[in-house]
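Colleague: I should be grateful for a close look at one part of this model. Please keep the account connected and confined to what the coordinates support.

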Amino acid sequence: MQTLDQLSNQVSQSLASQGIEPHLQQLNYQADVRYQGQALQLTLEVDRDRLAREGLQVITGAFDAEHEQLFSFSLGDSHELINLRAIARAPRPQITERQYEGSSPDLAAAVSGQSPIYYAGNNYSATLYDRARLAPGLVVTGPAIVMEMDSTTVVFPGYEAAVDRVGNLLIRPQE
């Protein structure tokens, strides 16, 4: 039980550090069990209260019953507990749409430079854009490169990237 308590505290604290109150958290427990010396293991749901009252027989009995149901026999041999885990769940937070500030979007304010690119056998000068400055309603025409901290989006010649109402770049052929 001490191990389950430690696992419970660890996962509960992890959710709490993300702002999820303990009363909103749901904890479940699982055990991976197999017969000693066998390779096949089964994952079983564990009732913590029953385990506290009845001991490890709750897990071994459930394993034997599951093995019997799946394979039409149980060995009754020694059991090995491979993994024991606590799983914490909470309701999904309400995620609001990103709010863009400012009155009118300004594509020129997002330009950060130029860069040569080679595409389909031709050299081009691509306009560089700062992704953080692209607001809904703006359309970036290729050739262009949209840069942000963790990704780079290339808009090839003949294509455009429209910024939708939540900030996604929708790339399509130019009309």
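In which sense do strand S7 and S8 pair, and over how many bridges?

Modeller: The model is a predicted one. Strand S7, residues 144–148, pairs with S8 in the antiparallel sense, over 5 bridges. Within this pairing, Ala144 lies opposite Val155 of S8. The two strands belong to an open sheet of 4 strands with mixed pairing, whose order is S4-S5-S7-S8. Strand S4 (111–119) and strand S8 (151–155) stand at its edges; each has a single partner strand, so one side of each is left without a neighbour in the sheet. On average, neighbouring strands of this sheet are turned by 25° against each other, direction ignored.

Another part of the model concerns a helix and a strand. Helix H3 comprises 15 residues (57–71), which should span 21 Å at 1.5 Å a residue; the end C-alpha atoms are 20 Å apart, in agreement with that value. Its buried residues are Val58, Ile59, Thr60, Phe63, Asp64 and His67, and these pack against strand S1 (26–35), strand S2 (42–46), helix H2 (48–54) and S3. Just after H3, Ser72 adopts a positive phi of about 65°.

His79 is located in strand S3, residues 79–89. With a relative accessible area of 24%, His79 is partly exposed. Beyond its neighbours within four places in sequence, His79 is in contact with residues including Thr60, Phe63 and Asp64. The side chains of His79 and Asp64 make a polar contact at 2.8 Å. Between His79 and Ile59, 20 residues apart in sequence, the C-alpha to C-alpha distance is 9.4 Å.

Note on methods. Residues numbered from 1 in each chain as written. Predicted model: local features only at pLDDT ≥ 70, side-chain atom pairs only at ≥ 80, totals over all residues. Heavy atoms only, no water. Buried < 20%, exposed > 50% of the residue type's maximum accessible area, 1.4 Å probe, protein only. Contact = heavy atoms within 4.5 Å. Polar contact = N/O pair within 3.5 Å; in protein donor to acceptor, adjacent residues only side chain to side chain. Expected span 1.5 Å × (residues − 1). Pairing = 2+ DSSP bridges. Axes fitted to C-alpha atoms, helices over the stretch in contact; angles between N-to-C directions.
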